[in-house]
Structures are given as C-alpha cells and as structure tokens.
Amino acid sequence: MVVVVTAMDSLSERAAKMREALQKSQTITDNVVSILGSFDSRLSALETAMRPTQIRTHSIRKAHENIDKTLKAAEVFLSQFDVTRQAEAKILKGPHEDLESYLEAIEQLRRNIQFFSSNKGFKSTDAMLNNANNLLAKAISKLGDEFKQLLTSYSKPVEPDRLFECLPESMRPSATSPGNQHDSSGKNHSSNNHSENQPETGGFKLLTLIPPRILPLLHDLAQQMIQAGQSQQLLKVYRDTRSSVLEESLRKLGVEKLSKEDVQKMQWDLLEAKIGNWIHFIRIAVKVLFIGERLVCDQIFDGFASLRDQCFAECTTTSISMLLSFGDAIANSKRSPEKLFVLLDMYEIMRELHTEIESLFGCKACNQIRESTNGLTKRLAQTAQETFGDFEEAVEKDATRTAVADGTVHPLTSYVINYVKFLFDYQSTLMQLFQEFENRGETSSQLASVTMQIMQALQTNLDGKSKHYKDPALTHLFLMNNIHYMVRSVRRSEAKDLLGDDWVQRHRRIVQQHANQYKRNAWAKILQCLSTQGLTSSGGSGSVPGEGGSGSGASRGQVKERFRSFNMQFEELHQKQSQWTIPDTELRESLRLAVAEVLLPAYRSFVKRFGPLVESGKNPQKYIKYTPEDLERMLGEFFEGKTLNDSKR
C-alpha cells in the first residue's frame, strides 16, 4: 500500500512539474508573440519610412538609363552628321575622278536621309534633312552630267569599213566600191577593232558600239538616276546622243532620204543603182547596226525593261524613218514594167529581215516601228502585184511601131521573154505574193496561169503587129520567128516545167503552121511556072508531046514564057527574101531545106522535060539561066538579113 502511495506521490510531483513547465512555455510563447508583434509594427513603420527613399532611388536609376539612351542616340546622330560631311566632301569633288567612291557617297547620303526622316525628334533634324536632300539633288545632277559626258565621249559614228567587216565575206564590197571609201583618220579609235573576234550570227559579226569596260559605268550611273526619279532626263540624254550617232553612221554609209518627187525625176539607171544600194544598206542597218544598238541598250538599262525598250525605240526611230522613206518613195512612185524586179528585190529583203525586225523591235515601245516596216512590206507587195498585172495589159496593148522590116524577132518578144525568165528567178517571192493576196488554189498553178496569160497577151500583140506587113509570106515568117523564139526560150528555162509539155507542143505546131503558110504564100505562084498545066498546043516542030501520050504538046513560046516568068519571080524572091531574117540557125536551115525539097525537084523535072525545046532554039541561056545547083546556092542566101546593096552585089 505504501508502495502505491509512494508511486502516486511521484506521479503528482511529475504532473506538477509538467504544469509548471507548460506555464513557463506559455509565458515564453506569449512573450515571443508579443515581441514578434512588436517587430511587425516596427517593420511596417520602417517600410513606411523607407518608401520615399525607394521611389527616389528608382527615379535616379531610370534617369541614368535615359541619360545612357540619350547619349547613345546622340552618338548615332553625331555619327550620321559625320557621314553626311564625308559624303558631302566626296560629292563636291564630283564623279569624274572616282566614280565608285562617288556612288558610295550617294548611297550613304540616301541612308542618312532615311535615318533623319525616321528620327524627327531633334530640333536640328529638319535642317539636316533639307541639307541632305539638297546635296543629293546636286549629286544626281552631276551624275546626269557625267552620264552625258561619258556616253557622248564614246558615241561616235561608225565608219562604213567597220560595218562591212561585220558582213559575211560574200557580202562585203570590193575595196574600190564607192561605199567603202573613207578617211581612215575619222575612225572611232576608242571602239575600233571590237568587232573583231566577236561571235557571229548567221555569218554576221556582232558590232561593238561602246567599249565593254564603259558599259558597267554607264549602267551604274543610269541606275542611280533612275532611283532618283530622273528616268525622263536619262531617256532624253540617251535618245539625243545615240539617235544622232546612228543617223550619221547611216549617212556615212550612203543612206539618203529621198522623196517620191526625187525618185520620179531620177534616171532609171541611177535609180536602179540606188535601189541596189538601199537593199544593201537596210540589211547592214538591221543585221549589224541596230543589233549593236540593242546590245548597248540592254546592258546600260539592265533591270529596267520599260526604260530600256523606250530608249531603244526612240534612238532608232529617225534612222528607221530614213531607210523606210526611200522604200515608200519607190512603192508609191509611178508604176512601170522595169520596176517589177527591183520591187521584188525590195520585197525580198523586207521578208528576209522580218524575223530580225520582229525580234529587235518586238517590245510595246517599238509598235510604231514594226507597223512602219510591215506597212512598207505590204506596200511593196501591193505595188509589185499591180505592176505585174499592168505588165500583162501593157504587153497586149503595146503599140510600139519599132520597125521589123525583115520579119525577125520583135524587140517586144525578146523583152517579154527575158521578163518571164527573170520572173522565174523570183518564183518563191512571187508565190509569197500570191499567198499574201490570193487565198485560192496552189501558188505554182497561179504562177503558171499568169505566165500563160502573159504569153497569150504577147501572141495577141504579135498577131496585131503582123497585119502591118503587106506581104502575107512575111506576115507568117514574122509570126514563125517570134513564136519559135518563145518556144525555144521556154524549153531552155524553168518555164517549161511550169507551162508544161502541152504548151510547148501546141506552140511548136503553131510554128510549123506558119512555116507552111509562108511556103504556100511565097512559093505557090512560082511553082505554077514549073507546072505542065496550061502548056498545050496544036503540035508541030515547035512543040513536044503532051503528057500521057495524048499527042498534045507545049509550044516553044509557052515554055520560054514559063522560064522567063520563073527567072523573074525567083530573082525577085531572092532579092527580097535575102533581106528577110530568120535569126535561129536551125530554123533557117530547116525552112531553106523545106523550100528546096519542093522547088528543086520541080525545077529539075521541068528543065528535063521542056529544056530541050528551048535549047534547040536561039539563045537558050537567056531562058534557062540557072542550074539546080545555082538555085540551091541562091536559096542558101535567103533569110540572111542582107541589105539591099548587099543583095545587088
């Protein structure tokens, strides 16, 4: 029991101690809470006290930051001022000495203007901006002057020999040609020899008009002016400079600006020569000179297509006009047959150059140039076609009274046939004409049809001219000669393939018909003298037995009269027809032979039968004047075109 009490006491003591400890802990906690509460109050008061200081410190820090930014901005502005001063110094010196440095200065100046335009907060910005803009305007003005000076310095008229060097060998004139004469001291030495060792296009060498080292400089200058809005000023400078150079180059070559009236007054030989020169000149202009100019434009205005095309169009317009004016004058001048071939030549060169012209002047700015060249091509074609049509009518209605007393080939015939032969040298060109104006049928059949019409017109005219001969035999000899000339010429030319064998054979028969008609008209009467018809008598010593043993015979008087008549007629025929002409040897021999085959057997037969009757009388040689051999020899003198005096001798 005592043990229990003792244990309880011990627990009580421990409990009491624990209460005491808890009370102390509570007291400490209360004290700590009190102290902490005091700290909160003090900290709150301290924070309240410190807030103005914090605000001032933040403001000071912000102020420092703003000062730093301002100083940095000021440094940037000051650096831009320095750049402007440096650029100004370079610009005041001008671009001539150091163009690259000058262009760099302009770029710096542009960047400065952009900078000042974006930073207008400073009071001095407006003044700096105005100064920079004025300086830039002066710089661009000097660039324009430099561009003009540089372009002018290297833009010289091209001497003809340099143009000729760019031609294929076969097209170059000889050293003595008028167009090749020049003063060597007048050559453009700055750009001479640049046509050598250049690429060739279709045998034509590329012509270098401005040295390659200069073109990049001109391009840089042009680029700066365009960026400065000076495109129109640039266009004017380029057009005025290059246009006059191209014109002078053409004048040196020999190009003239002739009016329709000038052409009308010109002698044909001179005009024909000028047309030949013009064909040569326009080929050189398009294939050499204008291609060279296009290359210059392309390089100077690279990257500015619209301005490039406009410059090329405006600098070539006057030169093109110089060339086309002569073509227009020819196309619009009075038509005449001899002009057909030069018209076709001019039409051919315009067709030949069509591809180059479309390529060179294919841009919108060159529309007028293309229309002008195409217009000339069409006018030449139209005039050629009309001239072609006029020719057929002119042949049929030709009223020339050129005397062809000997029945030979008429000048009109040889003229027309030569004309037709020349036409066949232009077959492809004529077919092109037919395609351009006619939409029906094959062009080859059209050409054949037109050729047949011309031939028929010639025959119609020859029929009319043949009626002027009083001697029917000469009429047929004339037609035989002329139609034979036509047939022979066709057989020996390309016309045979076009007109065909039927045409040839038909007209050969016509030639033969006229030969037969000639024999009938010229020899029928004289052959009657060698006929036995009408030689009858009552017989006797002065007669010979008649044919068929009828007992009737011819009297000596009748036979003498026949011989006398034959001699007289033959001598008359010999004298007259020795003056007639058959120019073709084969035809002449053929006709002589045909006459001899009829005349000589009849004469031999007549002499053999009736000669003894005359020979038994007085002066037989008075009647039988010629042996058959004499007649054959004299027939060999027919159709030689001898004069009357020659015949008498």
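Asp501 lies in helix H17, and that is a good place to start a tour of this predicted model. The protein chain has 649 residues, of which 43% count as buried. Its secondary structure comes to 21 helices and two strands. Below, we visit two charged surface patches, then a few residues that show what buried and partly exposed look like in practice.

**The negative patch**

- Asp501 is one of the residues in a patch of negative charge on the surface, where it gathers with Asp425, Glu494, Asp497 and Asp502.
- Which helix gives the most to the negative patch? Helix H17, spanning residues 495-529, does so with three residues.
- Asp501 has a relative accessible area of 47%, so it counts as partly exposed.

**The positive patch**

- There is also a positive patch on the surface, formed by Lys421, Arg491, Arg492, Lys496 and Arg508.
- You can find Lys421 in helix H13, which covers residues 411-425.
- Lys421 counts as partly exposed because its relative accessibility is 35%.

**Two residues of helix H8**

- Glu293 sits in helix H8, which runs over residues 268-300, and His280 is found in helix H8 too.
- Is Glu293 buried or exposed? Its relative accessibility is 0%, so Glu293 counts as buried.
- If you set aside residues up to four places away in sequence, Glu293 touches Leu209, Tyr238, Arg242, Leu246, Phe312, Cys315 and Thr316.
- His280 has a relative accessibility of 19%, and it counts as buried because the cut-off for that word is under 20%.
- Which residues does His280 contact, leaving aside its neighbours within four places in sequence? They are Phe164, Leu167, Met171 and Pro173.
- His280 also shows how sequence and space can tell two stories: His280 and Ile349 are 69 residues apart in sequence, while their C-alpha atoms are 8.9 Å apart in space.

**Thr460 and a partner along the chain**

- Thr460 lies in helix H15, made of residues 443-466.
- With a relative accessibility of 35%, Thr460 counts as partly exposed.
- How many residues separate Thr460 and Lys397 in sequence? The answer is 63, and in space the pair is 8.8 Å apart from C-alpha to C-alpha.

**Phe639 in a loop**

- Where does Phe639 lie? Look in the loop between helix H20 (628-635) and helix H21 (644-648).
- Phe639 is not a glycine, although it has a positive phi of about 65°.
- This loop residue counts as buried, because the relative accessibility of Phe639 is 2%.

**The chain as a whole**

- Now step back and take contacts between residues at least 6 apart in sequence: 79% of these join residues at least 24 apart.
- The protein chain exposes about 34,900 Å², and carbon and sulfur atoms supply 51% of that area.

Key
Residues are numbered from 1 along each chain as its sequence is written. This is a predicted model: local features need pLDDT of at least 70, side-chain atom pairs count only at pLDDT 80 or more; totals for chains, interfaces and linings use all residues. Side-chain values use heavy atoms; hydrogens and water are left out. Patches are made of residues with over 30% relative accessible area and no salt bridge: like charges are joined within 9 Å, nonpolar side chains (Val, Leu, Ile, Met, Phe, Trp, Tyr) within 5 Å. Accessible areas come from the Shrake-Rupley method with a 1.4 Å probe; for residues, only the protein chains shown count as cover. A salt bridge is a side-chain nitrogen of Lys or Arg within 4 Å of a carboxyl oxygen of Asp or Glu. Lys and Arg count as positive and Asp and Glu as negative; His and the chain ends are not counted. The place of a charge is taken as NZ of Lys, CZ of Arg, CG of Asp or CD of Glu. Helices (H or I, at least four residues) and strands (E, at least two) are DSSP runs, numbered from the N terminus. Buried means under 20% relative accessible area, exposed over 50%, partly exposed in between (1.4 Å probe, protein chains only). Contact means heavy atoms within 4.5 Å.
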